[in-house]
Structures are given as C-alpha cells and as structure tokens.
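Trainee: I would like a close look at one part of this model. Please take a single strand, say where it sits and what it pairs with, and then relate the rest to it as far as you can.

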Amino acid sequence: MILQARGLRKEFDGFVAVGNVDLDVQEGSLHAMIGPNGAGKTTLFNMLTGHLAPTRGTITFAGRDITHLPAHTRCMQGIVRSFQRTHIFPRLTVFENVQAAVLSRRGQRFTMFRPARGLYRDEVYAILEEVGLSERADELGGLLSHGDQKRLELGIVLALAPRILLLDEPTAGMAPREKFATMELITRIVRERGLTLFFTEHDMDVVFTNADRITVLHQGRVIADGAPADIRADQDVQRVYFGDSEWLWKSLRSTPSTG
C-alpha cells in the first residue's frame with residue numbers, strides 16, 4: 001500500500017468530523033472516496049496531506065510514518081493534492097503557472113538577476129502538452145475557461161513530480177461531457193506515468209466509470225470499501241443513500257459495472 005491511515009480521527013470542539021478511519025490506497029490504483037456533503041471527505045483529505053493535524057491516529061506513506069510532517073514536506077515526498085476550488089495564479093501565463101511549480105520543486109526562485117523565462121522550458125512545455133494546453137502557453141491563467149483552469153491546475157500538480165494525486169472533486173462545476181473528458185485525461189496521465197489516484201467525487205457516473213476501488217464515508221466513518229460491484233451491492237450503502245440521497249441510490253443501481 002502506498003498510503004495508509006489507521007484509527008484516524010478529527011474532532012472540532014467535541015464534534016467528531018472523522019472518526020477512527022482505516023484506509024488503504026494501493027499503489028497504482030484509481031481509488032475514489034464518496035459520501036454526502038458533511039461526510040468528512042475534505043477533512044480526511046486535509047489530514048492525509050498535512051493541512052490539518054489529526055486528533056489521533058497514524059498516516060503512513062510508502063511505509064514511512066508521516067503523521068506529523070507538514071504539508072510542504074509531504075508534497076516534496078510525492079503527495080500532491082488539488083482543492084475543490086481551482087488554485088492557479090490568474091495573473092501569470094499558463095507557462096509561468098507550471099514553470100513556477102517546477103522551480104519550486106527544484107528549490108529555485110525567480111530573481112531579477114537571472115531571467116526565468118528560459119528555465120526548464122522543455123519540461124514545462126512537455127507538461128503543457130500532456131494536459132492539452134501547449135498552444136495556450138502565453139495566455140493568462142485567469143482568462144481560461146473553468147475546464148481549462150482545471151487542466152492548468154493538473155499541469156501544476158504534475159510539475160511537482162507526484163507519486164500519488166489526491167484530487168478533491170476534480171470535475172466540480174463542469175458539464176457532463178467536460179467531466180468525462182477531464183477524467184479521461186486524468187486517468188490516462190495517471191496510467192502513463194504509473195501514478196496513484198485518490199479522488200473524491202459527487203457524480204456517481206464519473207466514479208463508477210473510472211474507479212477500480214471505492215471507499216464510502218458517512219458521518220465521518222467508513223461504511224464500505226471495495227470494488228465498484230461490491231459497493232453497488234452493499235446493503236449499508238444502499239440503506240444510507242436510499243434514505244439520504246435518492247439520486248445517488250438510482251446511480252448505484254443503474255451505473256454499469258466497469259470491473
């Protein structure tokens with residue numbers, strides 16, 4: 001397993017947001033985490049990536065205990081995430097956004113004494129080619145469409161040389177066709193690079209089409225974990241979502257198995 005959590009718990013003034021979660025993410029997998037709003041998905045993401053300290057429990061990455069490591073150290077070790085809201089530099093060009101991430105990874109900065117435009121040019125353009133933005137390299141990031149800003153964010157993430165990508169709702173705010181195109185791009189890059197993907201998503205069509213393993217979180221606790229076919233047939237999942245989200249229940253029943 002590349003990423004594991006054992007007994008992971010987070011409390012806020014007595015409120016248990018995540019309660020004693022055990023999680024195993026297998027290297028090379030496309031692992032989804034689903035659950036209704038308030039289930040604790042983002043809180044769990046924040047603990048795994050070092051943006052939030054757990055109340056108790058342990059996190060290991062590639063066999064090493066990272067429970068108390070800060071976010072930037074985890075990032076340098078290969079744990080890289082995106083957020084629900086797009087994080088780019090809107091006043092920098094597409095090229096400069098990705099180049100800044102490359103420079104950060106390599107421990108370099110822009111300086112007035114050394115022109116930055118030519119630094120790691122080939123590497124930056126190779127990443128832009130991967131995400132389909134090489135022809136828009138000179139455009140300002142803030143002028144891109146929402147979908148293309150998500151592609152740019154993916155390019156920034158790739159520039160940090162990840163071993164595992166943690167993507168928090170990577171298709172949020174997209175039209176159905178754009179969602180599937182984005183996930184097709186992400187999964188292709190993940191497979192070509194030999195990476196691991198752990199992502200949250202509300203669109204069950206996206207989840208069941210792309211994930212090879214699914215963890216279901218409800219009220220801060222894991223209620224099911226397994227292959228898509230197992231999750232679809234799980235009675236606890238059916239009971240929770242039939243009562244709370246009829247649309248999700250219908251998706252679980254109707255989405256064809258890809259396993």
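Mentor: What follows starts with one strand and then moves on to a sheet, a helix and a pocket. The model is predicted.

The strand is β3, residues 30-34. Five of its five residues are buried, so β3 is largely enclosed by the rest of the structure. Burial here means under 20% relative accessible area. The cover extends to both faces of β3: Leu 30, Ala 32 and Ile 34 lie on one side, His 31 and Met 33 on the other, and all are buried.

β3 has pairing partners much further along the chain numbering. With β8, residues 196-200, β3 pairs in the parallel sense over four bridges. With β9, residues 213-218, β3 is again joined by four bridges, and these strands run parallel. Met 33 takes part in both pairings: its bridge partner in β8 is Thr 200, and its bridge partner in β9 is Thr 215. As a general point, strands of a sheet pair through backbone hydrogen bonds, either parallel or antiparallel.

The antiparallel case appears elsewhere in the model. An open sheet of four strands has the order β2-β1-β4-β5, with antiparallel pairing. Its edge strands are β2 (15-25) and β5 (64-65), each of which pairs on one side only. β5 is joined to β4, residues 56-61, by two bridges, and Phe 61 has Arg 64 in β5 as its bridge partner. Helix α1, residues 41-48, lies across β1 (3-12), β2 and β4, and runs at about 120° to β1.

Burial is also a feature of helix α3, residues 94-105, where nine of the twelve residues are buried. Among them are Val 94, Phe 95, Val 98, Val 102 and Leu 103, along with Asn 97 and Gln 99. The buried residues of α3 pack against α4 (121-130) and α5 (146-159). From its first C-alpha to its last, α3 reaches 17 Å, close to the 16 Å expected at 1.5 Å a residue. Just after α3, Gly 107 takes a positive phi of about 75°.

Both α3 and α5 also contribute to the largest pocket, where they, α2 (71-77) and β6 (79-82) are the elements that give two or more residues to the lining. That pocket holds about 450 Å³ of space. It is lined by 23 residues, and the closest to its centre are Cys 75, Arg 81, Phe 83, Ile 156 and Leu 160. The largest share of the lining, five residues, comes from α2.

Conventions
Residues are numbered from 1 along each chain as its sequence is written. This is a predicted model: local features need pLDDT of at least 70, side-chain atom pairs count only at pLDDT 80 or more; totals for chains, interfaces and linings use all residues. Side-chain values use heavy atoms; hydrogens and water are left out. Two strands pair if DSSP finds at least two bridges between them. Contact means heavy atoms within 4.5 Å. Axes are lines fitted to C-alpha atoms, for helices over the stretch in contact, and angles run from 0 to 180 degrees between N-to-C directions. The expected span of a helix is 1.5 Å times one less than its number of residues. Buried means under 20% relative accessible area, exposed over 50%, partly exposed in between (1.4 Å probe, protein chains only). On a 1 Å grid over the protein atoms alone, a cavity is a set of points where a 1.4 Å probe fits but cannot get out, and a pocket is an open set with protein on both sides within 12 Å along at least five of seven lines; lining residues have an atom within 4 Å of a point. Grid points are joined across faces, edges and corners, and a volume is the space filled by probe spheres set on the points.
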